[in-house]
Amino acid sequence: MRVEGYETWRPWTLEQLNNLTLTATLTILGANPSIFFQNYRTEICNFSGFKIYPGHGKTYIKADSRSYRLINGKCESLFLQRIKPSKLDWTIVFRRLHKKGQAEEASKKRSRRTVKAQRAVVGATLDAIKAKKAQKPELRASLRAAAAAKSKEAKKVAQEKKKAELSQVKAAQKGNISKQQSKGAGKKIQATSR
Amino acid sequence: MLLLKSFAKVIDNSGALVVEVINVMGGARVASLGDEVVCVVKKARPVAQGEGGSTSASSNAVSKLKKGDVARALVVRTVQPVRRLDGTFVKFDDNAVVMLSKQGTPLGNRVLGVVALEARQKRWAKIASLAPKMV
């Protein structure tokens with residue numbers, strides 16, 4: 001191992017050996033680390049539908065520049081014979097077409113449950129919301145009734161007030177009063193010329 | 001896997017159509033993707049006589065090569081599968097080649113068809129840029 005500051009080579013210490021990174025190890029062993037860190041991506045065989053891990057299969061680029069990934073010689077041979085994968089019952093294309101194994105897949109699916117969480121809203125803090133939630137139904141009903149009665153009362157008072165105002169207006173007016181006027185509309189502007 | 005006597009298709013518009021390999025540069029016996037070869041033009045596009053020639057169907061063909069010309073070329077497609085560093089093998093439907101000048105620049109100004117990624121080397125940057133699709 002090259003030691004800093006010295007123009008000489010010293011053997012590795014155990015600690016240094018233990019702390020070697022993967023890239024360093026590969027370089028020392030003479031391997032090219034970039035091989036192992038290239039596009040590691042499982043492709044899918046264009047014929048059978050199986051996963052192609054790195055190091056397997058062939059990529060065949062046809063004259064129309066469409067590329068086909070084939071996982072093994074079996075698929076390659078069948079592909080070149082132009083046999084349709086949808087006719088071979090071990091391919092995924094076939095299975096999907098004839099809806100094989102879908103019952104198992106469906107049962108395997110786990111339903112996701114969303115958890116509803118109470119949140120404070122502008123105008124009502126979380127405590128206020130919780131308090132309202134915790135109110136007994138009878139209490140709520142009585143509160144509502146009280147509120148309704150109150151609003152009814154207020155309405156009644158307002159109506160009476162309005163009636164009184166109207167009667168005043170009526171008294172002030174002379175002559176014919178149209179239906180609309182009695183309701184409180186403005187006075188009709190009489191024509192002065194014809 | 002092109003060697004002496006191999007025929008290859010020319011996929012640029014340099015005028016040549018089919019080419020026969022007569023030498024593999026670098027001393028190897030066999031030329032693969034990304035290797036340079038010396039070749040003879042076996043079949044070329046007919047050159048129109050005079051200025052008012054027929055409109056070339058090959059979109060402004062730069063007819064520099066005619067039958068019997070010797071020129072260099074870069075191998076861009078091989079039927080023989082070639083192993084890539086990630087372990088995959090790539091193979092094409094035909095052997096194809098792009099014609100080069102002695103300096104290494106492409107003779108045509110357009111490349112038609114797919115070109116292998118192996119051609120993406122510093123020397124052939126021009127070809128890589130001309131290629132419509134690199135696979």
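These notebook entries record what I looked up in a predicted model.

**Entry 1. Chain B as a whole**

I began with the secondary structure of chain B and found 1 helix and 9 strands. Read from the N terminus, the elements follow the order β-β-β-β-β-β-β-β-α-β. I then turned to burial: chain B has 135 residues, and 48% of them count as buried. For the contacts in chain B with a separation of 6 or more, I noted that 57% are made by residues 24 or more positions apart. The accessible surface of chain B is about 7000 Å², and carbon and sulfur atoms hold 53% of that surface.

**Entry 2. The barrel of chain B**

Next I traced the strand pairing within chain B. I found a barrel closed by 5 strands, in the order E1-E2-E3-E4-E7, with mixed pairing. Neighbouring strands in this sheet are turned against each other by 55° on average, with direction ignored. I looked in detail at the pairing of strand E4 (residues 70-77) with strand E7 (residues 96-100) of chain B: the two run antiparallel and are joined by 5 bridges. Within this pairing, B:Met99 of E7(B) stands opposite B:Ala73.

**Entry 3. A sheet with strands from both chains**

I then followed an open sheet of 4 strands, whose order is E4(A)-E3(A)-E6(B)-E5(B) and whose pairing is mixed. Its edge strands, each of which pairs on one side only, are strand E4 (67-70) of chain A and strand E5 (82-83) of chain B. On the chain B side, E5(B) runs antiparallel to strand E6 (residues 89-92) of chain B, and 2 bridges join them. I noted B:Phe89 in E6(B) as the bridge partner of B:Arg83.

Helix H4 (residues 73-80) of chain A packs on this sheet and touches strand E3 (58-61) and E4 of chain A as well as E6 of chain B. The direction of this helix makes about 140° with that of E4(A).

**Entry 4. The residues of H4(A)**

Which residues of H4(A) are buried? I listed A:Cys75, A:Glu76, A:Leu78 and A:Phe79. These buried residues pack against E3 and E4 of chain A together with E6 of chain B. An α-helix has 3.6 residues a turn, so residues three or four places apart point the same way. After H4(A) comes A:Arg82, and I recorded its phi as positive, near 65°.

One of the buried residues, A:Glu76, also belongs to a network of salt bridges that links it with A:Lys58 and B:Lys91.

**Entry 5. Salt bridges**

I searched the whole structure for salt bridges and obtained 11 over all chains. Side chains of opposite charge can pair when their charged atoms come close. I examined three pairs individually.

The pair in chain A is A:Glu43 with A:Arg69, whose closest N and O atoms are 3.8 Å apart. A:Glu43 is in strand E1 (residues 43-44) of chain A and A:Arg69 is in strand E4 of chain A, so the salt bridge ties together parts 26 residues apart in sequence. Both partners are partly exposed: A:Glu43 has a relative accessible area of 21%, and A:Arg69 one of 24%.

In chain B, I looked at the salt bridge between the side chains of B:Lys9 and B:Asp94, with an N to O distance of 3.3 Å. B:Lys9 is in strand E1 (residues 7-10) of chain B, while B:Asp94 is in the loop between E6 and E7 of chain B, 85 residues apart. B:Lys9 counts as partly exposed at 41% relative accessibility, whereas B:Asp94 is buried at 17%.

The side chains of B:Lys42 and B:Glu20 also meet in a salt bridge, at 3.1 Å from N to O. This pair links strand E3 (residues 36-44) of chain B, which holds B:Lys42, to strand E2 (residues 16-24) of chain B, which holds B:Glu20; the two residues are 22 apart. How accessible is each partner, buried or partly exposed? B:Lys42 is partly exposed, with a relative accessible area of 37%, and B:Glu20 is buried, with 6%.

**Entry 6. A nonpolar patch on chain A**

Finally, I looked at the surface of chain A. A:Trp12, A:Leu14, A:Leu17 and A:Ile28 form a nonpolar patch there, and their accessible area together is about 420 Å². I placed A:Leu14 in helix H1 (residues 14-18) of chain A. Why does A:Leu14 count as exposed? Its relative accessible area is 65%, and exposed means over 50%.

Notes. Residues numbered from 1 in each chain as written. Chains lettered and ligands numbered in written order. Predicted model: local features only at pLDDT ≥ 70, side-chain atom pairs only at ≥ 80, totals over all residues. Heavy atoms only, no water. Buried < 20%, exposed > 50% of the residue type's maximum accessible area, 1.4 Å probe, protein only. Contact = heavy atoms within 4.5 Å. Areas by Shrake-Rupley, 256 points an atom, 1.4 Å probe, with all protein chains shown as cover. Pairing = 2+ DSSP bridges. Axes fitted to C-alpha atoms, helices over the stretch in contact; angles between N-to-C directions. Patch = residues over 30% accessible without salt bridge, like charges linked within 9 Å, V, L, I, M, F, W, Y side chains within 5 Å. Salt bridge = Lys/Arg side-chain N within 4 Å of Asp/Glu carboxyl O.
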